[in-house]
Amino acid sequence: TFSYEWLVVNIILSMLLGVVFSAYYSVKSRVEEPLTIWAQVRNAIATAAETRSHVSLLYLIVQMEDDDYPAHPSASVTIASLKKAFEKEKMTRQNAAYLLKKTVAYVKDQVDDLTLNVDDAIRVVGQSNQITLKVLDAVDSAYDAM
């Protein structure tokens with residue numbers, strides 16, 4: 001009876017894995033360039049090896065999002081400013097360069113995927129209206145001054 005139960009459990013787990021992988025592949029196939037699971041594992045291992053000596057990303061995120069005491073108060077970020085902001089954690093030049101490279105790649109991907117939904121369109125129209133009214137007031141006041 002034990003071997004029968006073990007067989008049934010294995011069959012059920014195999015079916016569950018089949019359903020999970022099927023759903024995974026159907027979602028990933030909607031992406032323009034889908035990666036297989038093995039390619040993703042290979043990329044994850046390479047990234048882990050590349051960032052082994054880097055400052056923890058979770059720590060960096062927490063420090064950067066701290067509103068009371070931001071680790072990097074400037075709006076523009078460079079390799080030197082990152083190293084200075086995290087010199088206590090001994091951030092290396094390679095660590096800062098890696099972060100900036102990944103950030104630039106992420107921003108470029110976001111710009112390529114720029115889509116506006118209805119809420120965004122209404123917000124843009126409202127902001128355009130406000131800017132137009134401000135310019136109109138400035139022109140009126142300049143005209144009155146003449």
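This section describes the overall fold, the core, the surface and some individual residues of a predicted model.

The protein chain is built from six helices, with zero strands. Read from the N terminus, its elements follow the order α-α-α-α-α-α. The radius of gyration is 26 Å, well over the 15 Å that the globule rule gives for 146 residues, so the chain is more spread out than a compact globule. The dimensions of the C-alpha trace can be set beside that value: along the principal axes the trace spans about 100 × 45 × 30 Å. Of the 146 residues, 11% are buried. The accessible surface of the protein chain amounts to about 12500 Å², and carbon and sulfur atoms contribute 63% of this area. Among contacts with a separation of 6 or more, 31% join residues that are 24 or more positions apart.

We turn next to the interior. The largest nonpolar core has nine residues, namely Val55, Leu60, Ala71, Leu82, Phe86, Met91, Ala96, Leu99 and Leu100. Helix H5, which covers residues 93-112, gives the most to this core, with three residues. One member of the core, Leu99, offers a helpful view of its surroundings: with neighbours within four places in sequence left aside, Leu99 is in contact with Leu57, Leu60, Leu82 and Met91.

Leu82 also appears in the surroundings of His72. The loop between helix H3 (57-64) and H4 holds His72. With a relative accessibility of 9%, His72 falls under the 20% limit and therefore counts as buried. When residues up to four places away in sequence are not counted, His72 touches Met64, Val77, Ser81, Leu82 and Ala85. Tyr98, by comparison, lies 26 residues from His72 in sequence, and the two C-alpha atoms are 17 Å apart in space.

Charged side chains provide another link within the fold. The model contains one salt bridge. This pair consists of Lys101 and Glu50, whose closest N and O atoms are 3.9 Å apart. Because Lys101 lies in helix H5 and Glu50 in helix H2 (residues 37-50), the pair ties together parts that are 51 residues apart in sequence. Side chains of opposite charge can pair when their charged atoms come close. Glu50 itself counts as partly exposed, at 42% relative accessibility.

Two further lysines are found around helix H4. Lys84 is located in helix H4, and a relative accessibility of 63% makes Lys84 exposed. Between Lys84 and Tyr106 there are 23 Å in space, C-alpha to C-alpha, for a sequence separation of 22 residues. Lys90 sits in the loop between helix H4 (79-85) and H5. Lys90 is likewise exposed, with a relative accessible area of 68%. The backbone of Lys90 deserves a look as well: although Lys90 is not a glycine, its phi is positive, at about 60 degrees. Most residues other than glycine have a negative phi.

The N-terminal part of the chain brings a nonpolar feature to the surface. Phe2, Trp6, Leu7, Ile11 and Met15 form a nonpolar patch there, and together these residues have about 610 Å² of accessible area. Leu7, one of the patch residues, belongs to helix H1, which runs over residues 2-28. The relative accessible area of Leu7 is 44%, and Leu7 is therefore partly exposed, in between the limits of 20% and 50%.

The loop between H1 and H2 contains Ser29. Ser29 counts as partly exposed, with a relative accessibility of 49%. From Ser29 to Thr47 the chain advances by 18 residues, and the C-alpha atoms of the two are separated by 23 Å.

Conventions. Residues are numbered from 1 along each chain as its sequence is written. This is a predicted model: local features need pLDDT of at least 70, side-chain atom pairs count only at pLDDT 80 or more; totals for chains, interfaces and linings use all residues. Side-chain values use heavy atoms; hydrogens and water are left out. A nonpolar core is a set of buried Ala, Val, Leu, Ile, Met, Phe, Trp, Tyr and Cys residues joined through side-chain atoms within 4.5 Å. Buried means under 20% relative accessible area, exposed over 50%, partly exposed in between (1.4 Å probe, protein chains only). Helices (H or I, at least four residues) and strands (E, at least two) are DSSP runs, numbered from the N terminus. Contact means heavy atoms within 4.5 Å. A salt bridge is a side-chain nitrogen of Lys or Arg within 4 Å of a carboxyl oxygen of Asp or Glu. Patches are made of residues with over 30% relative accessible area and no salt bridge: like charges are joined within 9 Å, nonpolar side chains (Val, Leu, Ile, Met, Phe, Trp, Tyr) within 5 Å. Accessible areas come from the Shrake-Rupley method with a 1.4 Å probe; for residues, only the protein chains shown count as cover. The radius of gyration is taken over C-alpha atoms; the globule rule is 2.2 Å times the number of residues to the power 0.38.
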